Amino acid sequence: MLNPNDPPHVQIEKQSRIIDALMRRANRQQDVGPSAFRAFQSAIELRQKVEAQSRDLARAATELESARFEQEQTRRNLAEALSSMEQGFALFTDGRLDLLNERFRIVLPDIADQVAAGQTFSDLAALFVRSTGFVSSDKPLALLLASTEMEDHA
């Protein structure tokens, strides 16, 4: 601080440095004011964007749940239709047994408990070969099985 015993030119120099420091501080405070307001504005805009994205996400989740429900309903309807058929029926999706009716399962009673969704066609053909009740009328069953195994390996 100022010392009254200092010569006047030293006191003036100290006062000048104090004034400069105070001016710099005042200028910084004026600069902080607008930047603080801009930061506040940005926070409000960001919050609005987050809320909009949250609403969009909630709407998408609702639509997805609705689509899943409709898919499951369609699957149940298909399963009911299959069960009412008089013949055995199996539906493969992506090379795997997806849906089957009970008549398909009991066509060969000795392997009925081994037929299940998720099996590949080759797995199912191998079960049929082992069944005592399955007879091929088109071509030897061993050739059919061999061709399905080669397709699986390819």
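**Salt bridges and fold of a predicted model**

R75 is partly exposed, at a relative accessible area of 33%. For that scale, buried means under 20% relative accessible area, exposed means over 50%, and partly exposed lies in between (1.4 Å probe, protein chains only). I will come back to R75 shortly.

First, the ground rules. The model is predicted, with local features requiring pLDDT of at least 70 and side-chain atom pairs counted only at pLDDT 80 or more, while totals for chains, interfaces and linings use all residues. Residues are numbered from 1 along each chain as its sequence is written, and side-chain values use heavy atoms, with hydrogens and water left out.

Now the overall layout. The protein chain has 4 helices and 2 strands, which are DSSP runs numbered from the N terminus (helices H or I, at least four residues; strands E, at least two). Starting at the N terminus, the order of elements is α-β-β-α-α-α. The protein chain has 154 residues, of which 15% are buried. Its exposed area is about 12200 Å², and 57% of that comes from carbon and sulfur atoms. Those areas are from the Shrake-Rupley method with a 1.4 Å probe, and for residues only the protein chains shown count as cover. As for contacts (heavy atoms within 4.5 Å), take those in the protein chain with a separation of 6 or more: 19% of them join residues 24 or more positions apart.

Next, the strands. β1 covers residues 90-93, and it pairs with β2 in the antiparallel sense over 4 bridges; pairing requires that DSSP finds at least two bridges between two strands. One of the bridge partners is L100 in β2, set against A90. The two strands form a hairpin with 2 residues between them. D94, in that turn, has a positive phi of about 55°.

That brings us to the salt bridges. How many salt bridges does a search of the whole structure find? The count is 6, each being a side-chain nitrogen of Lys or Arg within 4 Å of a carboxyl oxygen of Asp or Glu. I will go through three.

R75 is in one of them: its side chain meets that of D98 at 2.9 Å, N to O. This pair links distant parts of the chain, with R75 in helix α1 and D98 in strand β2 (residues 96-100), 23 residues apart. D98 is partly exposed as well, at 24% relative accessibility.

The second is R76 with E72, where the closest N and O atoms are 3.7 Å apart. Why are R76 and E72 separated by about one helical turn? Because they are 4 residues apart in helix α1. Both ends are partly exposed, R76 at 36% and E72 at 37%.

The third is between E102 and R105, at 3.5 Å, N to O. These two sit in helix α2 (residues 102-105), and they are separated by about one helical turn because they are 3 residues apart. E102 is partly exposed at 47%, and R105 is partly exposed at 24%.

Last, the start of the chain. Is D6 buried or exposed? D6 counts as buried, with a relative accessible area of 19%. This residue lies in the segment before α1, the helix spanning 8-84. D6 touches Q11 and K14, leaving aside residues up to four places away in sequence. Further along, I18 belongs to helix α1 and is partly exposed, at 36%.
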